[in-house]
Amino acid sequence: QPERRAGPSPYALRTRYLLLSTLSISLLPISLFWSFGTPAATLSYAMGLALGLFYIRGLSQYVSTIGSSAATAEEAGGGAGRFAAVLLMFVAARACDWFNLGAAVVGFFTYQAASVL
């Protein structure tokens, strides 16, 4: 009987790597918004980034529950709570005059750039 090694699964390690890569990549846009943009744009980017990280975390938890079977993924349903992050971004854009939706969308999709790494 083979011994099972303790520690996180390969999927958990990849998820952690994506989150850390997203944070690392975000340093450049935050610096640019801070240097050349307005404080509102910087804060909007940071809020979009935080919501993007929340989305990644929710998506990874959902995916880890369904396994790797494509049929199971289609039948499972649910996991829609992660879309609250996107909805919250648009609610903030309507509620706050200072909120820069463009910067927030760029922040939200920073994880896409990190997923290429």
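Contacts that reach far along the chain come up a lot in this predicted model: residues 24 or more positions apart account for 67% of the contacts with a separation of 6 or more. The chain itself has 6 helices and 0 strands, so it's no surprise by the definition of these elements that the pattern along the sequence reads α-α-α-α-α-α. Of its 117 residues, 28% count as buried. The accessible surface comes to about 7900 Å², and 65% of that belongs to carbon and sulfur atoms.

**Inside**

Let's look at the middle. In soluble globular proteins, nonpolar side chains tend to be buried together. Here, the largest nonpolar core has 18 residues, and Ile56, Met89 and Phe108 are those with the most contacts inside it. Helices H1 (10-36), H2 (39-66), H4 (84-95), H5 (101-108) and H6 (110-115) each supply at least two residues of this core. Which helix gives the most to it? That's H2, with 7 residues.

Take Met89 and skip its neighbours within four places in sequence: Met89 is then in contact with Gly48, Leu51, Phe99, Leu101, Ala104, Val105 and Phe108.

**Rings**

There are 7 aromatic pairs in the structure. One of them joins Tyr55 and Phe108, whose ring centres are 5.5 Å apart with planes at 55 degrees, so this pair is tilted. The two rings come from distant parts of the chain: Tyr55 sits in helix H2 and Phe108 in helix H5, 53 residues apart. Are these two residues buried or exposed? Both Tyr55 and Phe108 are buried. Ring pairs also tie Tyr55 and Phe108 together with Phe109 and Tyr111 in a cluster.

**Two residues side by side**

Now for a pair of opposites, Ser60 and Phe36.

| Residue | Helix | Relative accessible area | State |
|---|---|---|---|
| Ser60 | H2 | 7% | buried |
| Phe36 | H1 | 72% | exposed |

Why does Ser60 count as buried? Its relative accessible area is 7%, and buried means under 20%, so Ser60 falls on the buried side. Leaving out residues up to four places away in sequence, Ser60 touches Tyr11 and Thr15.

Phe36 goes the other way: exposed means over 50%, and with 72% Phe36 therefore counts as exposed. Phe36 also helps make a nonpolar surface patch of about 370 Å², together with Leu28 and Leu32.

Technical notes
Residues are numbered from 1 along each chain as its sequence is written. This is a predicted model: local features need pLDDT of at least 70, side-chain atom pairs count only at pLDDT 80 or more; totals for chains, interfaces and linings use all residues. Side-chain values use heavy atoms; hydrogens and water are left out. A nonpolar core is a set of buried Ala, Val, Leu, Ile, Met, Phe, Trp, Tyr and Cys residues joined through side-chain atoms within 4.5 Å. Buried means under 20% relative accessible area, exposed over 50%, partly exposed in between (1.4 Å probe, protein chains only). Helices (H or I, at least four residues) and strands (E, at least two) are DSSP runs, numbered from the N terminus. Contact means heavy atoms within 4.5 Å. Rings of Phe, Tyr and Trp (its six-membered ring) pair if their centres lie within 6.5 Å; planes under 30 degrees apart count as stacked, over 60 as edge-to-face and the rest as tilted. Patches are made of residues with over 30% relative accessible area and no salt bridge: like charges are joined within 9 Å, nonpolar side chains (Val, Leu, Ile, Met, Phe, Trp, Tyr) within 5 Å. Accessible areas come from the Shrake-Rupley method with a 1.4 Å probe; for residues, only the protein chains shown count as cover. A salt bridge is a side-chain nitrogen of Lys or Arg within 4 Å of a carboxyl oxygen of Asp or Glu.
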